[in-house]
Amino acid sequence: MMILGLYSYWIVIALMMIGLYIIIAQGNLIKKIVGLGIFQTSVFIFYITVGKVEGGTAPILAEAYSQYSNPLPHVLILTAIVVGIATTALGLALIVRIKESYGSIEESEIQEKDNPKC
Amino acid sequence: MLTHLPILQVIVPLLAAPSCMIIQRPILVWLFTLTVSGLSFLISLALLQQVMISGAISYELGGWAPPWGIEYRVDELSAVLLLIITFVSTVVLVATHASISKEIAEGRQSLFYVLYLLFLAGILGIVSTGDVFNVFVFLEISSLSAYALIAMGSGRRALWASYQYLILGTIGATFILISIGLMYQMTGTLNMVDLAQRLPEVAATRTIFAAFAFFIVGVSLKLALFPLHVWMPNAYAYAPSVITAFFAATSTKVALYLLIRFTFTVFGFSYSFSTLPLQPLFLGLGLLAIFAGSATAIYQQNIKHLFVYSSVAQIGYLVVGYSMGTPEGLTATLLHVFNHALMKSALFLALAAVIYQVGSAQLKDFRGLGHQMPLTMAAIVVGGLSLIGVPLTVGFISKWYLVMAAIENGWWPVAILIVLGSLLAIAYVWRLVETAYFSDPTPEANPVSEAPLAFLLPLWVLAGANIYFGVDTRLSLHLAQAVSQSLFGVSP
């Protein structure tokens, strides 16, 4: 029960590992950015999970409700989402310019062009 | 006005950044940025003075009392870091206009200053805030502008270096974010002082242990601690020359600040040094960094690469001092933060002058430069001697205190290894000096003249500071000891 009850944390861990694995294993620059996105998303879900109180509602003052979920992590993660978008945008912009000057977005080919011998 | 200094420190460069977009003329934007940076320097001086007289300053953002509102907190450690950052920024900016006029197209120069000020605001924010989530936000502001600044470097290698830094830097920052989330989960607070009070209750849980581990890995990535330094050599070597001088002197110092701030103030000294084997870990990695960094530096043909690898080694010294976990060790580390900022900004600024005059910074281009650019090369020699740790330079002071702290701890082998590491520094500095002074310029090379005053003035302010603080240590030592005492006073 304990394990199933914490299912959203398991999703977080799974996404985190998938994201990190993609960043390490993929040679394509865009796929790396996708991996980075998944990795960051796992942290967003983690924060949202932390704020959820079972049976709690949105934090609106009303007579009928006494238990509220914590809204602060949600607000925090809005900021982190914005940061994530900025990172992705910057990464993709860099890839465009890398493609223009190297003619490739494969890590191995770029490294070969920088160090022709090895 | 004076009570608002902690927020002004951050908000002045932050608001000035977009204003650069309006001013299009490069020379005007440069003057504007220089003024803003100089203003920040004055603010940090005033803050330091206040902190030294009356202790840590707490500023409630928007009048909301902490721990509900965001608190800006400037204590001895923050004030010293703020002073170092704004000083280096202002001095480096003096040479910036001349340097980037050759390296960056005119239409993009005002964008360069926007990013520069954003980066400055970011690192100043990290150092002044007392809220852990604010730390993450400012960390990302500074990192994102750093990636873009590096990509402005000439040549396509700058793009690739920037991309690699973006991937690793984001992983590091996200690790810190996870750590903050785990701490919030257990304590329900984001305020550093509040966290420090609430963490001991839950310190035994595995969640806090995980938070601590995530933080250490994340900050080590940002710190470029060996072996997590792989992003640094290329990112710094291919960035615009003045940016290298600014980053090398400030960026890693801010990461070190975060390490000290979290381990001493937030987690508390006893927790930090007892849960993870932090001491052997950082001592081992620090010593490895010293030797691996210096040994790699010896074989570099690009002098920018050479000095970046030497930075990897210098980060090793910083971490070794930190790992001792004694007030003396921390004093040595803080002295070295101050001194290393002076050395590396002087050296990289001198390289910027060489690149301005010669066009590149390969070792072969330095042939005969000792006679053609005597003042610039003399500054490189001063910086190089300081890296080695020759008496009468700042490098000697920090090495001396580091060795003394190691001996006081009974760590004789460490003290010997620190001295041996300095011998490696002789090897790489000597190669450069020999080429510059004792070999004739290649016949086909164009004759080179001395760098313009825009470079020489800031360069010799820094080189002079290298010598001055190597002789008169009262100010730097007094500050380092005050910081060290305040940190150990909070968590005995």
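**Exercise 1. Find the residues that Ile150(B) touches beyond its sequence neighbours, then place Ile150(B) in the core.**

Solution. Start by skipping anything within four places in sequence; what is left in contact with Ile150(B) is Ala158(B), Ala161(B), Ser162(B), Tyr165(B), Ala235(B), Tyr238(B) and Ala239(B). Keep in mind that you're looking at a predicted model.

Next, zoom out to the largest nonpolar core, which has 218 residues. Ile150(B) is among those that touch the most other members, along with Leu117(B), Leu349(B) and Ala352(B). The top contributor to this core is helix α14 of chain B, residues 327-358, which puts in 20 residues. As a bit of background, nonpolar side chains in soluble globular proteins tend to be buried together.

**Exercise 2. Work out whether α6(B) has the span expected of a helix with 31 residues, and whether its residues are mostly covered or uncovered.**

Solution. Take the length first. At 1.5 Å a residue, the expected span is 45 Å, and the end C-alpha atoms of α6(B) are 45 Å apart, so the two agree.

Now the surroundings: 28 of the 31 residues in α6(B) are buried, which makes this helix mostly covered.

Finally, see what comes after the helix. Gly188(B) follows α6(B), and its phi is positive, near 70°.

**Exercise 3. Describe the contact between chain A and chain B: how many residues does each chain bring?**

Solution. Count each side: chain B brings 22 residues and chain A brings 26 residues. On the chain B side, the elements giving two or more residues are α5 (132-151) and α6 (157-187). Of these, α6(B) gives the most, with 14 residues.

Then sort the chain B side by class. You get 14 nonpolar, five polar and three charged residues.

**Exercise 4. Look at Arg73(B): is this residue buried or exposed, and what does its strand pair with?**

Solution. Begin with the address, which is strand β2 of chain B, residues 71-74. Arg73(B) has 20 C-beta neighbours inside 10 Å, and 20 is the cut-off for calling a residue buried, so Arg73(B) counts as buried.

Step two is to check the rest of the strand. Glu71(B) and Arg73(B) lie on one side of β2(B), Tyr72(B) and Val74(B) on the other, and all of them are buried, so both faces are covered.

Step three is the partner. Strand β1 of chain B, residues 57-60, pairs with β2(B) in the antiparallel sense over four bridges. Within that pairing, Ile57(B) stands opposite Val74(B).

Last, list the contacts of Arg73(B) outside four places in sequence: Ala56(B), Ser58(B), Gly130(B) and Met192(B).

**Exercise 5. Compare the radius of gyration of each chain with that of a compact globule.**

Solution. Chain B goes first. A compact globule of 492 residues would come out near 23 Å, and chain B has 21 Å, so the value agrees. The C-alpha trace of chain B spans about 70 × 60 × 40 Å along its principal axes. Buried residues make up 61% of chain B, and 79% of its contacts with a separation of 6 or more come from residues 24 or more positions apart. In terms of elements, chain B has 20 helices and two strands.

Now chain A. For 118 residues a compact globule would be near 13 Å, but chain A has 20 Å. Its C-alpha trace spans about 70 × 30 × 15 Å. Buried residues account for 25% of chain A, and 43% of the contacts between residues at least 6 apart join residues at least 24 apart. Chain A holds five helices and zero strands.

**Exercise 6. Hunt for unusual backbone angles in the loops of chain B: what are the phi values of Ala224(B) and Leu392(B), and which peptide bond is cis?**

Solution. Take the loop between α8 and α9 of chain B, where Ala224(B) sits. Ala224(B) has a positive phi of about 60° although it is not a glycine. With 26 C-beta neighbours inside 10 Å, Ala224(B) counts as buried.

Stay in that loop for Pro227(B). The peptide bond from Phe226(B) to Pro227(B) is cis, with omega near 0°.

Then move to the loop between α16 (374-388) and α17 (394-408) of chain B, home of Leu392(B). Phi of Leu392(B) is positive, near 80°. Having 14 other C-beta atoms within 10 Å, Leu392(B) is partly exposed.

Definitions and conventions. Residues numbered from 1 in each chain as written. Chains lettered and ligands numbered in written order. Contact = placed C-beta atoms within 7 Å. Nonpolar A, V, L, I, M, F, W, Y, C, P; charged D, E, K, R; others polar. Core = buried A, V, L, I, M, F, W, Y, C linked by C-beta atoms within 7 Å. Buried ≥ 20, exposed ≤ 12 C-beta atoms within 10 Å, placed from the backbone. Rg over C-alpha atoms; globule rule 2.2 N^0.38 Å. Expected span 1.5 Å × (residues − 1). Pairing = 2+ DSSP bridges.
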